[in-house]
Every structure is written in C-alpha cells, then in structure tokens.
Amino acid sequence: MPYSHHSHSGEFCGHAQDRLQAIIDAAVEKKMQVFALTEHMPREQQDLYPEEINLGYSDETLLDIFRSYHAEARRLQALYASEIDVLVGTEIDWIRPSSKDFIENLFSNFEFQVFVGSVHHVHGIPIDYNAKLFADARRLSGNSTEKLFEDYFDLQYEMLKALKPPIVGHFDLIRLKCEDPNMSFVTMRGVWQRIHRNLAFTVSYGGVVELNSAALRKGLDEPYPNEEISKEFLDLGGRFTLSDDSHGIGQIGSHYSEVLRFAEEVGITKISYFEKAPASKDARSPGVTIRSTAVSRMQSHPFFASCKSI
C-alpha cells in the first residue's frame, strides 16, 4: 500500500535521473500501490533555470519536452495498468499572477488526473535552487528572512485561490535554503497568520497536503510541512497524503519510515491517497477518487518494515 503523489525522472527533468519507465519499474518492485507522475510544467522564457540556459533551451524546448512526457506517461500508464496504479499528472509552478493564464492554457491542452500545486520562486527567483539565489530573493524582501517567508506564503495563497490544487506540494519549501531550516514559524506572527490562512483555505476547498520526505533526504529534521504546521492543519481538519518527491530510482520511498513515525507523533491517523475511479467527484482530478488508509495499517506493510533511509 505505499504511495507517492510527486515524482520526476531524468528523461524529462534536467535535475533528475533515470528514464521514466525505469522509475515505474522500480516503483513496481517496491510494491507501490499508487505512483503519480508529476513532471514539472513548462515555464516561460524568463523563468528558465541556469542548467536549461546552459543547454540552450527555450520555452518552446520545455513545451516540446512536456509533450513527449505526457505521451510517454499515458503509454506507460496503460502498459502497467495490471501492476500499479499510475496517475498522469504534473507539478505546476506558480511564479507570478500571470502564471494563472499560462497554467490554464496548459490544462486546456493536456489532461491530468492529478496535479501538485507548488511555489518554487519568490520575486521571480528560485528559492530552493541554491543559497545564492535564495539570498537574491531575500534582498528583494528587504534583506529580511521573515519578510521573504511572508512573501512566499502570500504567493502560495494566490496559487491556492486561483487553482485549488488537489495536492499542495512541499508546503514550507521556503525554509530549505534559509540559515536555520528547522526554525519555528510560530514565533513570526505575520508568517504564522499567513500559514494558518493558507491551511484553512486548503481545508475549505478539500485540498490535500503532502507529507513530503524530500526534506529529510536533504538534511532537514522534519518533512514538509514541519511539525507545527502539520499539527495546525490536522486541527483544522486537513488531510495528508504521502510523497517522496523522487528525482530518480534511488529516491523512491526514501525516508518513508521516518515520515510515518513523524505522522504518528503529530497525531495523524490516516493517510489519503488518489486512485483511478470510473467517475470523479472533483473536476480538478478527473477519473480519480480520494481514499484513505490508517497509519497503523501502513506501518505493518512489508515495504515500511524494510524501508531504509537513503
């Protein structure tokens, strides 16, 4: 019964590894029940990453890559239908208000069963790429980490209101490159008010927040979102799902045992997951439904018993 609702492959993502089919083979071998393919959406020319610029990519290049991804994902979904529930999706990237038109155009041209709503940029600058770019974004927030956090969660709120993503990706990604990524948000009044607002809105439309193990893989003490945010979301009646945010075979299911222990400590008793269904109750996720599994039941599964930190 393991699941992951957020993944990438080296075939279609410049900072990942391994071909998409090899990724699915590994997920099958690890007895994954549901595995969502969520390659990054294409971006506008002004938002290319340094590695993409070095490769001579353009916005059209990214769109061509995405077309190839979508076609291959659909092919593999059918090919592996008897072995694993593969969901075809994408990770959207909300960068600025004009992102809405760009994303809606993407949705009108490609069909997805699920999508992850994420924010990777503040002031148009990537905040999880490296320390230098994080510092550049902070300078535009008045050289204040606290103000940068506020700006991040305001941008996230814009994304939530505009798109109502079924899955909210790495909710507190903004802490990854800061001086103390394990700091408390509660002590920053304006930041915490924004976090509470975003969580409450997510509950209001039925969104699910992912427990993302990538934070542990990158050396943080807790997954995304951290304990205080997770407890707040739980108190508001929020639902959680499980994601490894894998960027290659070696990261599939990485640190899942720690995430389940974290969930138990927080008081999370159920993990939601998306699976294919004849009819969907949610227009944002056509052809899927949301079910849940008890955390205690997941812990007894052989996958989690043998899962090791990577």
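**View 1. Two cysteines tucked away, and no disulfides.** Cys 13 counts as buried, since its relative accessibility is just 5%. Cys 178 is buried too, at 7%. Here "buried" means under 20% relative accessible area, "exposed" means over 50%, and "partly exposed" is anything in between (1.4 Å probe, protein chains only). A disulfide is a covalent bond between the sulfur atoms of two cysteines. With the cut-off set at a pair of cysteine sulfur atoms within 2.5 Å, the count comes to zero disulfides.

**A note on the model.** This is a predicted model, where local features need pLDDT of at least 70 and side-chain atom pairs count only at pLDDT 80 or more, while totals for chains, interfaces and linings use all residues. Residues are numbered from 1 along each chain as its sequence is written, and side-chain values use heavy atoms, leaving out hydrogens and water.

**View 2. The largest nonpolar core.** This one has 90 residues, and those with the most contacts inside it are Ile 84, Ile 174, Phe 185, Ile 195 and Leu 211. Its largest share, eight residues, comes from helix α6 (residues 145-163). To be a core, buried Ala, Val, Leu, Ile, Met, Phe, Trp, Tyr and Cys residues have to be joined through side-chain atoms within 4.5 Å. Helices (H or I, at least four residues) and strands (E, at least two) are DSSP runs, numbered from the N terminus.

**View 3. Who does Ile 195 touch?** Skipping residues up to four places away in sequence, Ile 195 touches Phe 153, Phe 171, Phe 185 and Ile 229. A contact is heavy atoms within 4.5 Å.

**View 4. Phe 66 meets Phe 112.** Rings of Phe, Tyr and Trp (its six-membered ring) pair if their centres lie within 6.5 Å; planes under 30 degrees apart are stacked, over 60 edge-to-face, and the rest tilted. That gives 16 aromatic pairs. One of them is Phe 66 with Phe 112, edge-to-face at 6.0 Å centre to centre and 65° between the planes. Phe 66 lies in helix α3 (residues 59-79) and Phe 112 in the loop between α4 (99-109) and β4 (114-118), so the pair ties together parts 46 residues apart in sequence. Phe 66 is buried at 2%, and Phe 112 is buried at 6%.

**View 5. Tyr 157 with Phe 201 and Arg 197.** The ring centres of Tyr 157 and Phe 201 are 5.8 Å apart with planes at 85°, so this pair is edge-to-face. Tyr 157 is partly exposed at 21%, whereas Phe 201 is buried at 18%. The charged end of Arg 197 sits over the Tyr 157 ring, 4.1 Å from its centre; the rule asks for NZ of Lys or CZ of Arg within 6 Å of the ring centre and within 35 degrees of the ring normal.
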